[in-house]
Every structure is written in C-alpha cells, then in structure tokens.
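Okay, thanks for squeezing me in, everyone. Let me put the chain up on the screen, and then we'll walk through it together.

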Amino acid sequence: MENAAIGDLVEFHGLNGAAHLNGTTGNLGKFNEIEQRWAVRCDDTFDIVQAKPTNLLLLKRSDAPTLYSMTNPITGKVEYMKPRTTSVPVPNPSSLIDAYNNLHEAVVGAFHNRRKGGVVVSCGKKYMMSIEFDGPYGNGGIYGEMVYVDKDPSARAVVQQRGCARATELGRNFLSGETIEYIDTNEEDVFFKLLSQYKRRCSTKGHTDIKSGLRLYNVEIAK
C-alpha cells in the first residue's frame, strides 16, 4: 500500500471481524493518521469501512480521481465516495409533454396520484431533474428532495463518468427502490423554465447524493 492515494481501487483481504468483505473491492477515502487506517467506501454497499493497510490490496490507482465528499449527518465527519458506473437503460417515458403548465401539472399530479415514490423529468438524453416525494406542501404542492443535470459542466461530467447513455439514468439511480413516473419533453425552453422555477424554492447543505453522484437539494413546489 505504498504511495496509495484517495480514489485508488483496493481489495479487502485477511479480515477476521468482517470476513465477509474479503475479496470485495472499494475506493480509498481519507487516511486516519492517528488510528493508521484507511476509510474505504465499499463498491457493493457504499458503506464506509475503516481498514488497516495490511488488510488492503491495491488493485488500480485512480487515473483522475473524481471524488465526491459528503458530511455524514450522524457522525458529522466528511466521507468520500467515488460514483459507481451504470449503463442500465431506463424505461421509455410514460408521457411526452411540451407545454410548461402541463409539465408542471404532470409533476404535481404524479405525487397526488401516488403519494409516494418520485418523478423523473427528462429533456432528451442530456438533461433531467429527479424529485423524490416527501409529502404535501401548502395548498396542493409538494416538498421533497431533488437532483438534476442541467448545462453545468460538473453535472454533465457525472453522466460521462458513470457511462450513462442518458442523464435520466442518474435520476433513476437517485430514486432506486421507489415507484417512479417518467416524463419527457422535447422542448429545452420548457424544461429549463420549469427547472428554474423549482430552483427558486431549493436549498442545499452541500451534500452529494450517493446513488446518483449529484448535488442534493431540498425543494418546495407550489401547485
């Protein structure tokens, strides 16, 4: 483990208390100088494991580590992760809407029809916003959490780094395990008008969503 660095791919071996991890892989986070252990984010579960260098086998050095950090809300510590790649296709959208009011109504309607899960709104292959429903807001609105891919190079880079054919795949990952409604629009002006409207009621603590690799926002959507 000489010259190991954050982002390097490693394999666990020789573990006794967590023998089930032996043979699995992960990416290095920060090295704790006091405890002399590496923080390793497991590829399979995204769990953070503190491991001695003697229990890690260096498999591949990170070419250009694109690492995302997030503050664990329980421990208050900064944790590091490297987004997993994905190439799994997403279903075709259930509806195609090219008018702003209709698109907004479809998002709100998806919540009122389901009361759970979330919605992914896409614009072609490049752009998307994904909203997880947390509950009703105001008079017929929604509050929840949102990630999105717009024209920001950093967001577009996540799509490329994960090998996604469409930005929508990241939205699907964000809502993994939830009931999802997919909506598409061909009109960029309509998509960005809606996203701009939602951004006005967004707030963030700077956290990165682990499943999508995108910045996480809290959002309030009025009816």
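So, to start: in which sense do strand β1 and strand β2 pair, and over how many bridges? They're antiparallel, with three bridges between β1 (residues 9–12) and β2 (residues 25–32). Two strands count as paired here if DSSP finds at least two bridges between them, and the helices (H or I, at least four residues) and strands (E, at least two) are DSSP runs numbered from the N terminus. One bridge you can look for: E11 has T25 of β2 as its partner.

Before I go on, some housekeeping. Residues are numbered from 1 along each chain as its sequence is written, and side-chain values use heavy atoms, with hydrogens and water left out. This is a predicted model, so to speak of local features we need pLDDT of at least 70, and side-chain atom pairs count only at pLDDT 80 or more, while totals for chains, interfaces and linings use all residues.

How confident is the predictor? pLDDT is its confidence in each residue, from 0 to 100; the chain mean is 81, and 82% of the residues reach 70 or more. Two stretches drop below 50: residues 64–71, with 30 contacts beyond near neighbours in sequence, and residues 79–90, with 48 such contacts. A contact, by the way, means heavy atoms within 4.5 Å.

Back to that sheet. It's open and five-stranded, ordered β4-β3-β2-β1-β5, with antiparallel pairing. At the edges sit β4 (48–51) and β5 (56–60), each pairing on one side only. From one strand to the next, the twist averages 45°, going by lines fitted to C-alpha atoms, for helices over the stretch in contact, with angles from 0 to 180 degrees between N-to-C directions.

Now have a look at the loop between β2 and β3 (37–42), where you'll find Q36. Its phi is positive, about 55°, even though Q36 is not a glycine. Most residues other than glycine have a negative phi. Q36 is partly exposed, at 41% relative accessibility; the scale is buried under 20% relative accessible area, exposed over 50%, partly exposed in between, using a 1.4 Å probe and protein chains only.

Further along, β9 and β10 run antiparallel with six bridges, and V121 stands opposite M129 in β10. That hairpin has three residues between the strands, and G124 takes a positive phi near 65°. β10 also runs antiparallel to β11, over nine bridges, with E132 bridged to E145 in β11. There are three residues between the strands of this hairpin too, and G138 in the turn has a positive phi of about 60°. Because eight of its eleven residues are buried, β10 is largely enclosed by the rest of the structure.

What about the packing? A nonpolar core here is a set of buried Ala, Val, Leu, Ile, Met, Phe, Trp, Tyr and Cys residues joined through side-chain atoms within 4.5 Å. The largest has 26 residues, and among those touching the most other members are V107, V121, M129 and Y198. α1 (100–114), β9 (118–123), β10 (127–137), β11 (141–149), α4 (188–199) and β14 (217–221) each supply at least two residues, and α1 gives the most, with seven. There's a second, separate core of 16 residues, including V120 and C164.

Last one: how many disulfides (cysteine sulfur pairs within 2.5 Å) turn up in the whole structure? Zero. C123 is buried at 5% relative accessibility, and C164 is buried at 13%.

Technical notes
Disulfide = S-S within 2.5 Å. pLDDT = per-residue confidence, 0-100.
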